[in-house]
Amino acid sequence: MKCPKCGHDNADGDIFCSECDWQLNKAYKPETKVQKVVVTTYVGLVFGVAALIVALMDFGIFGAVFGAIGMIASSYSMTLVRVSDVQEDKKKIMIGVTALSLVASVIGFIIGFTGIF
């Protein structure tokens, strides 16, 4: 009997796959979910750009807050990108986007923080 998940050939009468432990009488549907790496990269970018815009509009504390959130998200994203199994060409683009969002977050934070005082 062929496993619907991994394709391993199992003996007739087996209940579970001897390769992946999948229950052989159940259909397998692979999970389709957005990669955490992509989401955190763009969250960091959104907060970085928002921090820069809000700080330049002289809203003070909001620029600092958005900048802090952007720095946290961008730092987390940079780590995820570096350890993920994303293709190398996409990895370089995502590292560039993350670096850009980190720079925007830091600048927004500094402008926002200095605008408070």
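Visitor: Why is Phe113 called partly exposed?

Guide: In this predicted model, Phe113 comes out at 40% relative accessibility. Buried would need under 20% and exposed over 50%, so 40% makes Phe113 partly exposed.

Visitor: And what makes Phe109 partly exposed?

Guide: Same kind of check: its relative accessibility is 27%. That value falls between the 20% and 50% cut-offs, so Phe109 counts as partly exposed.

Visitor: How do you know that Phe109 and Phe113 are stacked?

Guide: Their ring centres sit 5.7 Å apart with 10 degrees between the planes. A pair needs centres within 6.5 Å, and stacked needs planes under 30 degrees apart, so the label fits. Both residues lie in helix H3 (residues 88–116), four residues apart, which is about one turn of the helix.

Visitor: How many aromatic pairs are there by this rule?

Guide: Three. One of them is Phe47 with Phe66.

Visitor: Why is the pair of Phe47 and Phe66 called edge-to-face?

Guide: The centres are 5.9 Å apart and the planes meet at 70 degrees. Over 60 counts as edge-to-face, so that's the class this pair gets. It links distant parts of the chain, with Phe47 in helix H1 (residues 36–56) and Phe66 in helix H2 (residues 61–83), 19 residues apart.

Visitor: What makes Phe66 partly exposed?

Guide: Its relative accessible area is 26%, and partly exposed runs between 20% and 50%, so Phe66 qualifies. Phe47, at 26% relative accessibility, is partly exposed too.

Visitor: Which residues make up the largest nonpolar core?

Guide: Five of them: Val37, Leu80, Val81, Val86 and Met94. Leaving aside neighbours within four places in sequence, Val86 is in contact with Gln35, Val37, Lys91 and Met94.

How values were computed. Residues numbered from 1 in each chain as written. Predicted model: local features only at pLDDT ≥ 70, side-chain atom pairs only at ≥ 80, totals over all residues. Heavy atoms only, no water. Core = buried A, V, L, I, M, F, W, Y, C linked by side-chain atoms within 4.5 Å. Buried < 20%, exposed > 50% of the residue type's maximum accessible area, 1.4 Å probe, protein only. Contact = heavy atoms within 4.5 Å. Phe/Tyr/Trp six-rings, centres within 6.5 Å; stacked < 30°, edge-to-face > 60°. Helix = DSSP H or I, 4+ residues; strand = E, 2+ residues; numbered from the N terminus.
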